[in-house]
Amino acid sequence: MKIRLLVTILFTTAFILMACNDDTEQNKNSNQAAQSHDNAEENDSTDNQGDKLESTSESEEPGTDSSDETASKENNGSNDQSNVEKSNPLSDYSSDEIEFARVWLQLGANQAIEKLYAKHISAGEPLNPDDETSTDYPENVVQLSGARLVDGVVTYSSNGNGTINVYNVPKRWDGKNPAGEDTYKKMTENTKKVSIAPGDDEKVEELIKILEID
């Protein structure tokens, strides 16, 4: 009887030990599986972050290149503009100065003048101040002349589009006064429209340098 009881106790103890070992092994395997899953998720997260960083870096590079390219174009544009200004000898002069010189270069009787005078005459002023029968200028005009009568004279109004209206008015009024209103009307009504060419820049600049504006 004692032997049977002993044997039963031994079997029961062995069974309990085996069951405990199985539970321990299962817990161990579960823990390992959970740890492996966590490691996998962590690796995936790290990879995703790396992909994002790489994607961000790649997307920023074109922007940087575009910015550099834009800056380069702006610098080139500034340099080109500066070169154009340096190559244009008339860039330092006003539009009026350039116009006066171009008109004389094309229409002036004497190109070898010592001095070029430009006189502004307002609308309403008489063509011949010394004749009471003189009609008035219907618009503002400019009178270009040299220092001498033989240099000639050009009296005109500008249309602002590269053309001028030339008046057949002398520098000095000779003859008898009064000349009569009809004489002066012909001068104001029969103007000649002329297109002014740009001319040679160097010659234009030479005339500007001896220009005196009244």
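These are my notebook entries on one strand, its pairing partners and the salt bridges in a predicted model.

**Entry 1: strand E4**

I began with E4, which covers residues 163-167, and asked how many of its residues are buried. I found that five of the five are, so the strand is largely enclosed by the rest of the structure. I then looked at which way the side chains point: Thr163, Asn165 and Tyr167 lie to one side of E4, while Ile164 and Val166 lie to the other, and I noted that all of them are buried. For comparison I wrote down the general rule that side chains in a regular strand alternate between the two faces of the sheet.

**Entry 2: the partners of E4**

I next looked up which strands pair with E4. Strand E3, residues 153-158, pairs with E4 in the antiparallel sense over four bridges, and within this pairing I located Thr155, whose bridge partner in E4 is Tyr167. The connection between E3 and E4 is a hairpin with four residues between the strands, and in the turn I noted Gly160, which has a positive phi of about 75°.

I then turned to strand E5, residues 192-195, which also pairs with E4 in the antiparallel sense, over four bridges. Here I picked out Ile164, which stands opposite Val194 in E5. Tyr167 and Ile164, the E4 residues that I followed into these two pairings, are both buried and point opposite ways from the strand.

**Entry 3: salt bridges**

How many salt bridges does the model contain? I recorded a count of four, and I kept in mind that side chains of opposite charge can pair when their charged atoms come close. I looked at several of them individually.

Arg148 forms a salt bridge with Asp151, with the closest N and O atoms 3.3 Å apart. I checked the accessibility of Asp151 and found a relative accessible area of 2%, so this residue is buried, the cut-off being under 20%.

Arg172 and Asp174 meet through their side chains in another salt bridge, at 3.5 Å from N to O. Is Asp174 buried or exposed? Its relative accessibility is 60%, so I entered Asp174 as exposed, the cut-off being over 50%.

Glu181 forms a salt bridge with Lys185, and I noted 3.5 Å between the closest N and O atoms. Both residues belong to helix H3, residues 181-189, and because they are four residues apart they are separated by about one helical turn. I entered Glu181 as partly exposed at 41% relative accessibility, and Lys185 as partly exposed with a relative accessible area of 33%.

Technical notes
Residues are numbered from 1 along each chain as its sequence is written. This is a predicted model: local features need pLDDT of at least 70, side-chain atom pairs count only at pLDDT 80 or more; totals for chains, interfaces and linings use all residues. Side-chain values use heavy atoms; hydrogens and water are left out. Buried means under 20% relative accessible area, exposed over 50%, partly exposed in between (1.4 Å probe, protein chains only). Two strands pair if DSSP finds at least two bridges between them.
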